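Here are my notes on this model, set out as numbered points. They move from the chain as a whole to individual residues.

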Amino acid sequence: MSPKQPIIWITGASSGIGAELARQLSPRANRVVLIARREDRLAALTDLLPNAVAVPLDLSDADQIREKIPQVITEHGAPDVLFNNAGFGDYRPVAQLTEAEHLQIMQVNYLAPAALIHHVLPHMLKNNAGHVINIASIAAKFGPWGHGPYAAAKAALIALTQSLAIEHEGINVHFSYVCPGMIKTEFFDTRGYETPHMQKQVTKHGIPVDKAVTKMVKLLDKPKLELCVPGHYRILDFIKAMSPSLAMKLVAKGSRPAK
Ligand SMILES: NC(=O)c1ccc[n+]([C@@H]2O[C@H](COP(=O)([O-])OP(=O)(O)OC[C@H]3O[C@@H](n4cnc5c(N)ncnc54)[C@H](OP(=O)(O)O)[C@@H]3O)[C@@H](O)[C@H]2O)c1
């Protein structure tokens, strides 16, 4: 388990799940380090949370990460808890994406979290204390329509988390991944998700962000490898094991845009 008053880093802290993690975790943290691009949003949070510091950083830029993260460790301390939360989807079929767009999805959703882990893990291992929580997606369990590169990146993030957990089993450094289903955030405001069909889906199936984040925060007290929010989405694992073609039909029906 992480220290009682941990230093917590949260990527993608400028909105949605990340901002709510900051709000819920600030009271129990020594410091919360908020990473994202939109400085005005980060400033609004640091005004509100006395122990929060803002670190403007574009995670789509590997050079920025390489240069800035060691400075952040020196200035604010290495994290006891790292939430790799920043990410975005793009609700379009694979054939409509350019190679550059495909690679950017992979960079922000997989390579950036992996790079952050490389920077902070030595500190956690030295202290024999730490927790890395990677926010993946239910989309990683079976690639839905319009989510090819996104699902691939999140599946890679899950596999990485599983290997890390196996490699560090039995010590006080923990690894978890979270598979959110549909959470009501700005995730669905752009990049093809703003269609009437998708908005209807979010209104119907989306769960409030504070409720979802409360479940994620519990991981700190009781670390476990996988958390699905909402929990009933785990049924997909069972269906997939029994009949991959049935799983594909169900996922296709739920994800394809209305005709
Ligand atoms: N909402 C859902 O239903 C849902 C479902 C499954 C998984 N997820 C995952 O949950 C995580 C949080 O998403 P959310 O729902 O809270 O959406 P959100 O409100 O759109 O938040 C996304 C966050 O990621 C940050 N981000 C995106 N690109 C970035 C970049 N290049 N560099 C730095 N930060 C970047 C954004 O900050 P800036 O724009 O300020 O940089 C923002 O703070 C994501 O990984 C998402 O894939 C969400």
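1. Burial and contacts. The model is a predicted one, and of the 259 residues in the protein, 50% count as buried. Among the contacts with a sequence separation of 6 or more, 67% are between residues 24 or more positions apart. The secondary structure amounts to 9 helices and 7 strands.

2. Overall dimensions. For a chain of 259 residues, a compact globule would be expected to have a radius of gyration near 18 Å, and the protein agrees with this because its own value is 18 Å. The C-alpha trace extends over about 50 × 40 × 35 Å when taken along its principal axes.

3. Surface and charge. The accessible surface comes to about 12,500 Å², and carbon and sulfur atoms contribute 57% of that area. As for charge, there are 28 positive and 22 negative side chains, and the centres of these two sets are 11 Å apart.

4. The cysteine pair. The structure holds 0 disulfides. C179 takes part in no disulfide, and the nearest cysteine sulfur to it, belonging to C228, is 4.5 Å away; a disulfide would require the two sulfur atoms to be within 2.5 Å. C228 is likewise in no disulfide, its nearest cysteine sulfur being that of C179. C179 counts as buried because its relative accessibility is 0%, and C228 is buried as well, with a relative accessible area of 6%.

5. K141 beside the cysteines. K141 sits in the loop between β5 and α5, the latter covering residues 148–167. With a relative accessibility of 9%, K141 counts as buried, since the cut-off for burial is under 20%. Leaving aside residues up to four places away in sequence, K141 touches both C179 and C228, and also E226, L236, D237 and K240. A second lysine, K200, is 59 residues from K141 along the chain, and the C-alpha atoms of the two are separated by 23 Å.

6. The cis peptide after β7. The peptide bond that joins V229 and P230 is cis, with omega about 0°. P230 is found in the loop that runs between β7 (226–229) and α8 (235–242).

7. L225 ahead of β7. L225 is placed in the loop between α7 (209–217) and β7, and at 35% relative accessibility L225 counts as partly exposed. Apart from residues up to four places away in sequence, its contacts are T161, Q162, A165, F175, S176 and Y177. Of these partners, Y177 is 48 residues from L225 along the chain, yet the C-alpha atoms of the two are separated by 6.2 Å.

8. Positive phi values. Two residues deserve a look at their backbone angles. N128, although not a glycine, has a positive phi of about 45°; N128 lies in the loop between α4 and β5 (130–135) and is partly exposed, with a relative accessible area of 39%. R191, also not a glycine, has a positive phi of about 55°; R191 belongs to the loop between β6 (173–180) and α6 (196–205) and is partly exposed, with a relative accessible area of 38%.

9. M106 on helix α4. M106 is part of helix α4, which comprises residues 99–127. What places M106 in the partly exposed class is a relative accessibility of 21%, given that the buried class ends at 20%. Not counting residues up to four places away in sequence, M106 touches L111, P149, A152, A153 and A156. The C-alpha atoms of M106 and L157 are separated by 9.9 Å, with their positions 51 residues apart along the chain.

10. Q71 on helix α3. Q71 belongs to helix α3, made up of residues 62–76, and counts as partly exposed at 41% relative accessibility. Q71 and I35 are 36 residues apart in sequence, and in space their C-alpha atoms are 13 Å apart.

Key
Residues are numbered from 1 along each chain as its sequence is written. This is a predicted model: local features need pLDDT of at least 70, side-chain atom pairs count only at pLDDT 80 or more; totals for chains, interfaces and linings use all residues. Side-chain values use heavy atoms; hydrogens and water are left out. Helices (H or I, at least four residues) and strands (E, at least two) are DSSP runs, numbered from the N terminus. The radius of gyration is taken over C-alpha atoms; the globule rule is 2.2 Å times the number of residues to the power 0.38. Buried means under 20% relative accessible area, exposed over 50%, partly exposed in between (1.4 Å probe, protein chains only). Contact means heavy atoms within 4.5 Å. Accessible areas come from the Shrake-Rupley method with a 1.4 Å probe; for residues, only the protein chains shown count as cover. Lys and Arg count as positive and Asp and Glu as negative; His and the chain ends are not counted. The place of a charge is taken as NZ of Lys, CZ of Arg, CG of Asp or CD of Glu.
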